[in-house]
Amino acid sequence: EVAATQGKLVLALFAAIGSVFVINILGAVFGESGGSGIDNFQQAEQYYIQEDYDSALLYYRRSLQEDPEWIEAMLGYGRTLTMLDRADSAHIMYDKILLMDPAYDVARYNKASLYFYQKNHDMAIDAVENLLDRNLSYVEAYLLLGDVYYDQENYDEAMRSYQSAYDAGPRSGALCHVMAYLHDIKGETPQAISLYKETLT
């Protein structure tokens, strides 16, 4: 049950992370005259939210026809390829983004998430650690690293990663719950009770 909860958390983060900066950059990318590109992109985002991934892919592709180097559209395209189980193509898209902008950490995070989704734990760990070497404040990376170790049943390493995410905040109910469970199975009852209570709040 806890593993399933964490899996859903990872997929939810994975689905949401690509849209974080979109609203702020639309005007800067296209100005007032780029309506068709913006419309296609916004339609793609809406289809993605609705889990209509075939339609989302079509509209992301149309956005990229307007501007082949539009990184946010490339990111959305990669996320959609992932949801369509086209992992190799998604990795290629993320690699293209990183060639264009090596500092674009969202693409690094999505590659790491995709490795985890593929159960390629070693590559996921390497990708997350590379991301954290670049950006220690990337809280989602600690969560993802915890999930990878949890999936391997390496609970001590999982707890260390989750604790880093917990200390950095913000704290989700799912994070508090999995940390409570890990304390529980180690017999650390006071810590477990405290975190179970926090889960409810």
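This is a guided tour of a predicted model, arranged as a series of selections to make in the viewer.

**The whole chain**

Begin with the entire protein in cartoon representation, where twelve helices and zero strands can be picked out, so that walking from the N terminus gives the order α-α-α-α-α-α-α-α-α-α-α-α. Colouring by confidence is a sensible next step, since the mean pLDDT of the protein is 87, with 83% of its residues at 70 or more. Select residues 18–35 and treat this stretch with caution: pLDDT stays under 50 there, and the model has 22 contacts beyond four places in sequence for these residues.

With a surface displayed, the protein exposes about 10200 Å², of which carbon and sulfur atoms supply 50%. Of its 201 residues, 47% count as buried. If contacts are drawn between residues at least 6 apart in sequence, 50% of them join residues at least 24 apart.

**The nonpolar core**

Which residues touch the most other members of the largest nonpolar core? Select Ile97, Tyr162, Leu175 and Met179, which hold that position among the 58 residues of the core. Then add helix 9, residues 139–151, which contributes nine residues to this core, the largest share.

**Helix 4 from the side of Ser63**

Move to helix 4, residues 53–66, and select Ser63 within it. Ser63 counts as buried, at 0% relative accessibility, and its side chain reaches the backbone nitrogen of Phe41 at 3.0 Å. Expanding the selection to the residues that Ser63 touches, and leaving out those up to four places away in sequence, brings in Gly37, Asn40, Phe41, Trp70 and Ala73.

**Helix 4 from the side of Leu57**

Staying in helix 4, select Leu57, a buried residue with a relative accessible area of 4%. Once its neighbours within four places in sequence are set aside, the residues in contact with Leu57 are Tyr77, Thr80, Leu81, Leu84 and Arg86. A distance drawn between the C-alpha atoms of Leu57 and Gly78 should read 9.0 Å, although the two residues are 21 apart along the chain.

**A salt bridge between helices 3 and 5**

A search of the whole structure finds nine salt bridges, and the next selection is one that involves Glu45 and Arg79, whose side chains meet at 3.0 Å, N to O. Because Glu45 lies in helix 3 (residues 35–49) and Arg79 in helix 5 (residues 71–83), the pair ties together parts that are 34 residues apart in sequence. Are these two partners buried or exposed? Glu45 is buried, with a relative accessible area of 13%, and Arg79 also counts as buried, at 0% relative accessibility.

**A salt bridge between helices 7 and 8**

Now select Asp105 and Arg134, whose side chains meet in a salt bridge at 2.9 Å, N to O. Asp105 belongs to helix 7 (residues 105–117) and Arg134 to helix 8 (residues 121–134), so this pair ties together parts that are 29 residues apart in sequence. Asp105 is buried, with a relative accessible area of 11%, whereas Arg134 is partly exposed, with a relative accessible area of 43%.

Before leaving helix 8, select Asp126, which is found in that helix and counts as partly exposed at 42% relative accessibility. From Asp126, a C-alpha to C-alpha distance drawn to Leu145 spans 9.7 Å, while the two residues are 19 apart in sequence.

**A salt bridge between Lys186 and Glu188**

For the last pair, select Lys186 and Glu188, which form a salt bridge whose closest N and O atoms are 3.7 Å apart. Both residues can be inspected on the surface: Glu188 is partly exposed, with a relative accessible area of 23%, and Lys186 is partly exposed as well, with a relative accessible area of 45%. To finish, add Arg108 to the earlier selection of Asp105 and Arg134, because these three residues are joined into one network by salt bridges that share partners.

Note on methods
Residues numbered from 1 in each chain as written. Predicted model: local features only at pLDDT ≥ 70, side-chain atom pairs only at ≥ 80, totals over all residues. Heavy atoms only, no water. pLDDT = per-residue confidence, 0-100. Contact = heavy atoms within 4.5 Å. Core = buried A, V, L, I, M, F, W, Y, C linked by side-chain atoms within 4.5 Å. Buried < 20%, exposed > 50% of the residue type's maximum accessible area, 1.4 Å probe, protein only. Helix = DSSP H or I, 4+ residues; strand = E, 2+ residues; numbered from the N terminus. Areas by Shrake-Rupley, 256 points an atom, 1.4 Å probe, with all protein chains shown as cover. Salt bridge = Lys/Arg side-chain N within 4 Å of Asp/Glu carboxyl O. Polar contact = N/O pair within 3.5 Å; in protein donor to acceptor, adjacent residues only side chain to side chain.
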